[in-house]
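Colleague: Thanks for sitting down with me over this one. Could you walk me through how the labels on it are justified?

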Amino acid sequence: HAVFNTSWLPAGGGPGRRSGLGPVFDAASCDACHNSRRRGRGPLGDGPLPPDLVLQVATRHADGTVTPGHVRFGRLLNTAAIAGFAPEAQVEVRYAARPYRRPDGSTLSLHVPTYAVRMPAGEAPPDLVLMPRMAPAVLGSGLLERVPEAAVLALAARQPAAVRGTPAWVDTPQGRRLGRFGWQASQPDVAGQTASAFAREMGLTNPLLAGDDCAPDDAACRAAPQGGTPEVAADLFAAVVAFQQSEAMRRTPQAVARAARLPDAPRLFARIGCADCHRPRLPLAGGGTLPAYTDLLLHDLGPDLADRDAAGRPLPSRWRTAPLWGMSTALEGQRPLRLLHDGRARSLEEAIAWHGGQAAAARARFDALPAAQRQRLLHWLQTL
């Protein structure tokens, strides 16, 4: 917990074992993005990106293929820097309203984001792919590691063809493993996800990643003073990983009481097809089940939710089914919700409306429900 809440300092910034921040970074502590281990709070409106909405980047090649990272930025566009260095760029988000209408005439106003990248000199490269990513909750992470790989593969085989998910295979030094963490399941375990965040979001070397996220041609960044080798020492890294693996997902007592008054909602959730991907329970190695409401598989949710290049062209994008547990914790203290991978949805209702691709049929069935049933289902989702 102490490591998770630690604000790191630049190399030589003071005594102790918390130096080496940057030289470019987005946040100085884990808690700055994962507030109290909950999901990021995200942008409240137009303006600069907050630290808990980071901009991963990729390169779009002339043949249409895309590779992670960019020669100007590395894997992440860092918007802050220590003294003597400049941020890689500044990024602002702007939202436009899009009307959404259901068959019964009820409407929503959806939030459509666009991103402006302002470089210290020149324009954003035309081959740049922008991949905005909200900080997910870390509560309950250890349980997601304990779902057997075979159970996830068996679930994919049983899913209806129209919504069948794809396993996210990750090549690691230990061989091919199933990705479970991140919006596109790019990491197989908590340690890998943590190492990536330390190196890319905070500029801290660690036992799994020995380099900061410097751009390949940024010699000054690579030559910056180090706060240790590695900067996050092995025992501190192991401690923060174990902390995340051990902390349970919370559910407020008030939410449990509200859920008891909505006994029909889980059946309705399954009947309209949401449970095909947001599986209510997954088996755990050693016994027991996990009520995370995910299948840990990748799905195509359509072009509206796809990542885009600098010209605004959508790219083929598949997303790991986001776990729905933790909704009641996310709403503690009447915190404003920011949902989906880029925080564009300001409510569960908006998040459902954005579901296209393989989720379009379930969205249409939700929209066709009587208004009272839609509201009961939304109230129940807030209790998870």
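Colleague: Let's start with Tyr100: which strand holds it?

Modeller: Tyr100 belongs to strand 7, residues 90-101. Bear in mind that this is a predicted model.

Colleague: Why is Tyr100 called buried?

Modeller: Buried means under 20% relative accessible area. Tyr100 has 14% relative accessibility, so Tyr100 counts as buried. Among its contacts beyond four places in sequence are Leu108, Leu110, Ala353 and Arg363.

Colleague: What makes the pairing of Tyr100 with Asp367 a polar contact?

Modeller: The cut-off for such a pair of N or O atoms is 3.5 Å. The side chains of Tyr100 and Asp367 come to 2.3 Å, and this is listed as a polar contact. Pro113, 13 residues from Tyr100 along the chain, has its C-alpha atom 15 Å from that of Tyr100.

Colleague: Strand 7 is part of a sheet, then. What makes strand 2 and strand 8 its edges?

Modeller: The sheet is open, has 3 strands in the order 2-7-8, and pairs in the antiparallel sense. Strand 2 (47-48) and strand 8 each have a single partner strand, so one side of each is left without a neighbour in the sheet.

Colleague: How do you know that strand 2 and strand 7 pair?

Modeller: Pairing needs at least two bridges. Strand 2 and strand 7 have 2 bridges and run antiparallel. Within that pairing, Pro48 sits opposite Glu92 of strand 7.

Colleague: On to strand 3. Why is it described as largely enclosed?

Modeller: The burial count settles that: 6 of the 8 residues of strand 3 are buried, so the rest of the structure largely encloses this strand.

Colleague: Which strands does strand 3 pair with, and over how many bridges?

Modeller: Strand 9 pairs with it in the antiparallel sense over 7 bridges, with Val54 matched to Arg133. Strand 4 (residues 66-68) is joined to strand 3 by 3 bridges, again antiparallel, and there Arg60 has Val66 as its bridge partner. Strand 5 (residues 76-77) has 2 bridges to strand 3, also antiparallel, with Leu55 opposite Leu77. The hairpin of strand 3 and strand 4 has 5 residues between the strands, and Gly64 takes a positive phi near 90° in it.

Colleague: Is Thr59 of strand 3 buried or exposed, and how do you know?

Modeller: With 11% relative accessibility, against a limit of 20%, Thr59 counts as buried. Its side chain reaches the backbone oxygen of Gly69 at 2.6 Å. Thr59 also touches residues including His70, Asp127 and Val129.

Colleague: And Asp307, which is in a loop: why is that residue called buried?

Modeller: Asp307 lies between strand 14 (298-300) and strand 15 (308-309). The value for Asp307 is 5% relative accessibility, so Asp307 counts as buried. Its side chain makes a polar contact of 2.8 Å with the side chain of Arg133. Among the other residues that Asp307 touches are Gln184, Arg313, Trp319 and His341.

Colleague: What makes up the largest nonpolar core?

Modeller: It has 52 residues, of which Leu77, Val117, Phe269, Trp380 and Leu381 touch the most other members. At least two residues each come from several elements, including strand 3, strand 7, helix 8 (265-271) and helix 12 (371-381). Another core, of 37 residues, lies apart from it and includes Phe4, Met202, Val240 and Ala292. Back in the largest core, Leu381 touches Phe269, Leu324, Met327, Leu348 and Ile352, leaving out residues up to four places away in sequence.

Colleague: How do you know that Arg176 lies over the face of Trp169?

Modeller: The distance part of the test is within 6 Å of the ring centre, and the angle to the ring normal must be within 35 degrees. Arg176 is 3.9 Å from the ring centre of Trp169 and is assigned to its face. Arg344 is likewise placed over the face of Trp354, at 4.4 Å from the ring centre.

Colleague: Last one: how many aromatic pairs are there, and which residues form a cluster?

Modeller: There are 6 aromatic pairs in the structure. Ring pairs join Trp8, Phe198 and Phe237 into a cluster.

Note on methods
Residues numbered from 1 in each chain as written. Predicted model: local features only at pLDDT ≥ 70, side-chain atom pairs only at ≥ 80, totals over all residues. Heavy atoms only, no water. Phe/Tyr/Trp six-rings, centres within 6.5 Å; stacked < 30°, edge-to-face > 60°. Helix = DSSP H or I, 4+ residues; strand = E, 2+ residues; numbered from the N terminus. Buried < 20%, exposed > 50% of the residue type's maximum accessible area, 1.4 Å probe, protein only. Contact = heavy atoms within 4.5 Å. Polar contact = N/O pair within 3.5 Å; in protein donor to acceptor, adjacent residues only side chain to side chain. Core = buried A, V, L, I, M, F, W, Y, C linked by side-chain atoms within 4.5 Å.
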